[in-house]
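User: Hi, I have a structure open and I would like to go through it slowly. Could you walk me through it?

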Amino acid sequence: MSKQGFNTKAIHAGHSEFSPDSMSAPIYQSVAYPYADAKEAADIFTGEKPGYTYGRWDNPTVNLFETRMAALENTEAAIAASSGMAAIFLLTHHLLSPGENVVSSNRVYGGTFGLFNVGLPKMGAGVKWVTKPESIAAWEKAIDSKTKFLFVETPSNPSLFIADIPALAALAKRKKLPLVVDNTICTPALQQPITLGADIVVHSTTKYICGNATSLGGIVCGSKNLIDGIRQNGIRYLGPAMAPLNAWLSLNGLETLALRMERHCSNALAIAKFLEKHPKVNFVNYPGLPSNPYHKMIKSQMKGCSSLMSFELKGTYEEATKFIDALQIILHATHLGTCKTIVTHPASTTHSAMGEAEMRKAGISPSLIRLSIGIEDEKDLINDLSQAFKNMSLNNKKTASFKSGKYPLAF
Ligand SMILES: Cc1ncc(COP(=O)(O)O)c(C=O)c1O
């Protein structure tokens, strides 16, 4: 059979022999698998016979999701985990030993930032941050003899930094280090890091892949050798396995992923253009806009820009919260990548525990608003934003004050 296309793989890859067979993969809601006899048990444990041992490291529904994700990310294998953070933790734990480090872009999701900054030192390992990740020379400078891999999130959440994956991959090859890409925001429907030279891909499948905010999940896609190692020496002892129901929900998500991403992208572009022209908006961060500094680079590595964006209101902290409260269709929640459009006000929620100086360094102002555009009708979303804008007066003060929260959360 000729090489299958993305949508065919997203719907069929790996589905071969369930008995009795069914259109929708069965949910194997079981933690263990009885053996025919003692010999079979022993053969499965030594690997002489294929089979399932225990739900923490093997489950048929989860394995199908893994096979499908490996097919879509063009890797030999994949291993699913209970969340995106669990996947990144499993990979990091596998690749690093005490004294070693990861060289990472500092434009990463807050949970990853915390894992690298706080979690790695507890394992005796560390991170070397690249604070100018657009500069390949800065990456090269950060690498030392103890570096074991390079990590980049592109596009990044929430700053929407876009890395030049082929250039980073060339550096990684020269230094004989694997390049890991967090592909959560684009998904393989829009960006395939392995074909651009990366070695390993990670995802929070909680976001666009699941697509409707029903299940947490994560995945590492890479060589068979890497994934076998994480299965035998990582997930088996650490335990963050994906739940079978979550694997099933994520398989359902994959079937419509490419279609949904097309709509996410077209809705997002329309809304970014609307916001960019609005008199009550200072600026819009969305790589799909021709005015965005990454716009040219995107064309060579992404089929679309996904639907995460941020914009700054010409207004104060209070006006930003008033604007959010006035939205009627758009939901105020701590999430992204679902069919429903979601608004977040980082200064009063996800980043509220940072001091003002730190927030400003991270590009977060009192009136910055993050949007994850869903797949509703574009005109209804624009109408919702328009009526919320009417709620606020035009205010050109750029330096409004922050209110600090208590909890150092990052979403
Ligand atoms: C880019 C990125 N990677 C990883 C994660 C962590 O995923 P999870 O919430 O599934 O643990 C997130 C969560 O928002 C994310 O945005």
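Analyst: Gladly, and please keep in mind that this is a predicted model, in which local features need pLDDT of at least 70, side-chain atom pairs count only at pLDDT 80 or more, and totals for chains, interfaces and linings use all residues. Residues are numbered from 1 along each chain as its sequence is written.

User: Okay, where do β6 and β7 sit, and how do they run relative to each other, parallel or antiparallel?

Analyst: Strand β6 covers residues 200–204 and strand β7 covers residues 218–222, and the two run antiparallel, joined by four bridges. Strands (E, at least two residues) and helices (H or I, at least four) are DSSP runs numbered from the N terminus, and two strands pair if DSSP finds at least two bridges between them. Ser204 stands opposite Gly218 in β7, while Val201 has Cys221 of β7 as its bridge partner.

User: What is the strand order of the sheet they belong to?

Analyst: The sheet is open, has seven strands in the order β1-β7-β6-β5-β4-β2-β3, and its pairing is mixed. Its edge strands are β1 (77–81) and β3 (126–130), each of which pairs on one side only. On average, neighbouring strands are turned by 20 degrees against each other, direction ignored; axes here are lines fitted to C-alpha atoms, for helices over the stretch in contact, and angles run from 0 to 180 degrees between N-to-C directions.

User: Which helices pack on that sheet?

Analyst: Helix α4 (residues 84–95) packs on the sheet and touches β1, β2 (101–105), β4 (147–153), β5 (179–182), β6 and β7, with its direction making about 40 degrees with that of β7. Helix α7 (residues 165–174) packs on the sheet too, touching β4 and β5, and its direction makes about 150 degrees with that of β5. Contact between two residues is defined by C-beta atoms, placed from the backbone, that lie within 7 Å.

User: Back to β7 for a second: why is it described as largely enclosed?

Analyst: Five of the five residues of β7 are buried, so β7 is largely enclosed by the rest of the structure. A residue is buried if 20 or more other C-beta atoms, placed from the backbone, lie within 10 Å of its own, exposed if 12 or fewer do, and partly exposed in between. Gly218, Val220 and Gly222 point one way from β7, whereas Ile219 and Cys221 point the other way. On the β1 side, β7 pairs in the antiparallel sense over five bridges, and Val220 is the bridge partner of Ile79.

User: And how do α4 and α5 meet?

Analyst: The axes of α4 and helix α5 (residues 110–122) come within 10 Å and cross at roughly 40 degrees. Met85, Ile88, Phe89 and Thr92 in α4 meet Gly111, Thr112, Leu115 and Leu120 in α5. By class, this contact has five nonpolar, three polar and no charged residues, where Ala, Val, Leu, Ile, Met, Phe, Trp, Tyr, Cys and Pro count as nonpolar, Asp, Glu, Lys and Arg as charged, and the others, Gly among them, as polar.

User: How many residues surround the ligand?

Analyst: There are 16 of them, and the closest are Ser83, Gly84, Met85, Ser204 and Thr206; a residue is near a molecule if its C-beta atom, placed from the backbone, lies within 6 Å of it. Helices α4 and α5 each supply at least two residues of this shell, which by class has five nonpolar, nine polar and two charged residues.

User: Switching topic, what about the sheet with β8 in it, what is its order?

Analyst: That open sheet has five strands in the order β8-β9-β12-β11-β10, with mixed pairing. At its edges stand β8 (281–285) and β10 (331–332), each with a single partner strand, so one side of each is left without a neighbour in the sheet. Strand β9 (residues 308–313) and strand β12 (residues 368–372) pair in the antiparallel sense over five bridges, and Leu308 stands opposite Ser372 in β12. Helix α11 (residues 257–277) lies across β8 and β9 at about 155 degrees to β8, while helix α13 (residues 317–326) lies across β9, β10, β11 (342–344) and β12 at about 130 degrees to β9.

User: One last residue, Gly315: is it buried or exposed?

Analyst: Gly315, in the loop between β9 and α13, is buried, because 26 other C-beta atoms lie within 10 Å. Its C-alpha atom is separated by 7.8 Å from that of Lys280, 35 residues apart along the chain.
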